[in-house]
Amino acid sequence: ISLPGPLPLTVTGNSFNASDELFEPDHTDDAPVASVWWRWVSPLTTNVVIKTAGSSFDTRLAVYTGTSVDQLTGVAANDDAAAGARTSRLNFLATEGRTYFIAVDGYEGETGNIKLSLSAEPLPKAPAWSLPDVNGTVIRWADFAGKVVILDFWATWCGPCVQELPGFIDLQNRYGPDQF
């Protein structure tokens, strides 16, 4: 079932006659029994929260990307939103234009009415910071407002730091002309 793109959105359905799909991945480490699937294309890059609150049974919830049931990659999964809860809640960073597959299944094969809600939460803002550069000049987070920033704490004695340096040089060479 395809979902409309704009958030927030809520849909209902049921899993009474559902079954598992051939090659369907395990949701929350349990084999699928009666899963219902939705397809959703994210209209923007944002943190997405998906909940099954209001469903009539103990749900398991999972989100995937991929092109077919046997080629799915897990993005996020949840069995219980909180201790003692029977419904599920998860969140993940959705990318604009990417297709996500959302599966709702029942714990230990339970079936029932499904209420599926998707909403967007604002992306977290970067924390304020200030640091001296190699010349002792203090630079501040506000100096880079509206720009992409990679802040990396690097040391010559750190093996992994030295190994990642060619990647940073490549980024600078590729995106430097764009004021990166």
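S35 sits in the loop that links β1 to β2 (36-41); strands here are DSSP E runs of at least two residues and helices H or I runs of at least four, numbered from the N terminus. This is a predicted model, so keep the filters in mind: local features need pLDDT of at least 70, side-chain atom pairs count only at pLDDT 80 or more, and totals for chains, interfaces and linings use all residues. Residues are numbered from 1 along each chain as its sequence is written, and side-chain values use heavy atoms, with hydrogens and water left out.

Back to that serine. With a relative accessibility of 7%, S35 counts as buried (under 20% relative accessible area; exposed is over 50%, partly exposed in between, with a 1.4 Å probe and protein chains only). Leaving aside residues up to four places away in sequence, S35 touches A18, S19, D20, E24, H27, V104 and D105, where contact means heavy atoms within 4.5 Å. Its side chain also makes a polar contact with the side chain of W37 at 3.3 Å (N or O atoms within 3.5 Å, one able to donate a hydrogen and the other to accept it; residues adjacent in sequence count only if both atoms are side-chain atoms).

Now for the sheets. Strands count as paired if DSSP finds at least two bridges between them.

| Open sheet, strand order | Pairing | Edge strands | Average turn between neighbours |
|---|---|---|---|
| β1-β8-β3-β6 | antiparallel | β1 (9-14), β6 (89-94) | 20 degrees |
| β2-β7-β4-β5 | antiparallel | β2, β5 (73-78) | 20 degrees |

Those angles come from lines fitted to C-alpha atoms and run from 0 to 180 degrees between N-to-C directions. In the β2-β7-β4-β5 sheet, β2 and β5 each have a single partner strand, so one side of each is left without a neighbour in the sheet.

Strand β3 (residues 46-51) pairs with β6 over six bridges, and V48 has F92 of β6 as its bridge partner. Six bridges also join β4 (residues 59-65) to β7 (residues 99-106), with T59 opposite G106 in β7.

Last, the largest pocket. It holds about 710 Å³ of space, and of its 21 lining residues the closest to the centre are I139, V149, I150, L151 and D152. (A pocket is an open set of points on a 1 Å grid where a 1.4 Å probe fits, with protein on both sides within 12 Å along at least five of seven lines; lining residues have an atom within 4 Å of a point.) β9 (130-132) and α1 (159-175) each supply at least two lining residues, and α1 gives the largest share, three residues.

Notes:
Points joined across faces, edges and corners; volume = space filled by probe spheres on them.
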